[in-house]
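Trainee: I have a structure open and would like to learn how its helices pack. Can we go through it step by step?

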Amino acid sequence: MLGDPKLTTYIPEDIKNNLVSTLSSKRYLTEWGVATEAIDSPLYEDDAYWRGAIWGPTTLLLVGALEECEEIKLAEEIADKYCRLTSENGFAENFNAHTGEPLRDRSFAWTASSFLYLAAKLS
C-alpha cells in the first residue's frame with residue numbers, strides 16, 4: 001500500500017535471511033524456478049498440483065517479496081528462470097519443477113500474464 005514501510009520493516013533480519021536461504025537452496029530453486037514443495041520432501045510429486053509444481057502466481061509473489069527485501073539478484077534469477085521456462089514450454093497452468101514439462105491446462109492466462117510482467121521487469 002502507498003506509504004507503507006518496506007516488508008523488511010516487518011520481518012526480523014534473521015528470519016528474512018533464513019527464508020531467503022531456504023528459498024534459494026536446491027531444495028526449492030530448480031533449473032526452471034521455485035518448486036511449491038521441497039523437491040527432496042516425501043510429499044513432493046512431479047504432478048501434484050501444489051506439492052511441487054511451479055506456478056506463475058507464486059513466482060510473482062516471491063519475486064515481489066524478494067524485491068521488497070532488497071534481494072534483487074535472487075528476484076531476477078527467479079524471474080529469468082520463469083521466463084525461460086514459459087518461453088520454452090508455453091503457458092500451461094503449472095510446470096514440473098524437475099523437467100519444466102507443462103502440466104494441466106496448456107494455455108492459462110495467469111501464466112501468460114506472469115511471463116509478460118516478469119519479462120518487462122527484466123528488460
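Mentor: Start with one helix pair. Glu-76, Ala-79, Asp-80, Tyr-82, Cys-83, Thr-86 and Ser-87 of H3 touch Thr-111, Ser-114, Phe-115, Leu-118, Ala-119 and Leu-122 of H4. Keep in mind that this is a predicted model.

Trainee: How many nonpolar residues does the contact of H3 with H4 have?

Mentor: Sort the contact residues by class. Four are polar and two are charged. The nonpolar residues number seven.

Trainee: Are H3 and H4 parallel, antiparallel, perpendicular or oblique to each other?

Mentor: Two packed helices are described by the angle between their axes and the distance between the axes. Here the axes of H3 (residues 72-89) and H4 (residues 109-122) come within 9 Å and cross at roughly 130°. Roughly antiparallel needs an angle over 145 degrees, and roughly perpendicular runs from 65 to 115. The crossing angle therefore makes H3, relative to H4, oblique.

Trainee: Is the crossing of H3 and H4 left-handed or right-handed?

Mentor: Handedness is a separate point from the angle. For H3 and H4, the crossing is left-handed.

Trainee: How are H2 and H3 oriented to each other?

Mentor: Their axes lie 8 Å apart, at an angle of about 160°. The cut-off is 145 degrees, and angles over it count as roughly antiparallel. So H2 and H3 are roughly antiparallel.

Trainee: Which residues of H3 make the contact with H2?

Mentor: Take the H2 side first: Gly-56, Thr-59, Val-63, Leu-66 and Glu-67. By class, this contact has eight nonpolar, two polar and one charged residues. From H3 come Ile-72, Leu-74, Ala-75, Ile-78, Ala-79 and Tyr-82.

Trainee: How does H2 lie relative to H4?

Mentor: H2 and H4 pack with axes 8 Å apart, at about 30°. Angles under 35 degrees count as roughly parallel. So H2 is, relative to H4, roughly parallel.

Trainee: Which residues of H4 meet H2?

Mentor: H2 brings Gly-56, Pro-57, Thr-59, Leu-60, Val-63 and Glu-67. The H4 partners are Trp-110, Ser-114, Tyr-117, Leu-118 and Lys-121.

Trainee: Now the pocket. Which element gives the most to the lining of the largest pocket?

Mentor: The largest pocket has a volume of about 190 Å³. Its lining has 11 residues, with Leu-19, Val-20, Leu-23, Leu-62 and Leu-66 nearest the centre. Two elements give two or more residues each: helix H1 (13-24) and helix H2 (56-68). With five residues, the one that gives the most is H1.

Trainee: How many nonpolar residues are in that lining?

Mentor: Set aside one polar and one charged residue. The nonpolar count is nine.

Definitions and conventions. Residues are numbered from 1 along each chain as its sequence is written. This is a predicted model: local features need pLDDT of at least 70, side-chain atom pairs count only at pLDDT 80 or more; totals for chains, interfaces and linings use all residues. Side-chain values use heavy atoms; hydrogens and water are left out. On a 1 Å grid over the protein atoms alone, a cavity is a set of points where a 1.4 Å probe fits but cannot get out, and a pocket is an open set with protein on both sides within 12 Å along at least five of seven lines; lining residues have an atom within 4 Å of a point. Grid points are joined across faces, edges and corners, and a volume is the space filled by probe spheres set on the points. Helices (H or I, at least four residues) and strands (E, at least two) are DSSP runs, numbered from the N terminus. Ala, Val, Leu, Ile, Met, Phe, Trp, Tyr, Cys and Pro count as nonpolar, Asp, Glu, Lys and Arg as charged, and the others, Gly among them, as polar. Axes are lines fitted to C-alpha atoms, for helices over the stretch in contact, and angles run from 0 to 180 degrees between N-to-C directions. A crossing is left-handed if the near helix is turned anticlockwise from the far one by less than a right angle, and right-handed if clockwise. Contact means heavy atoms within 4.5 Å.
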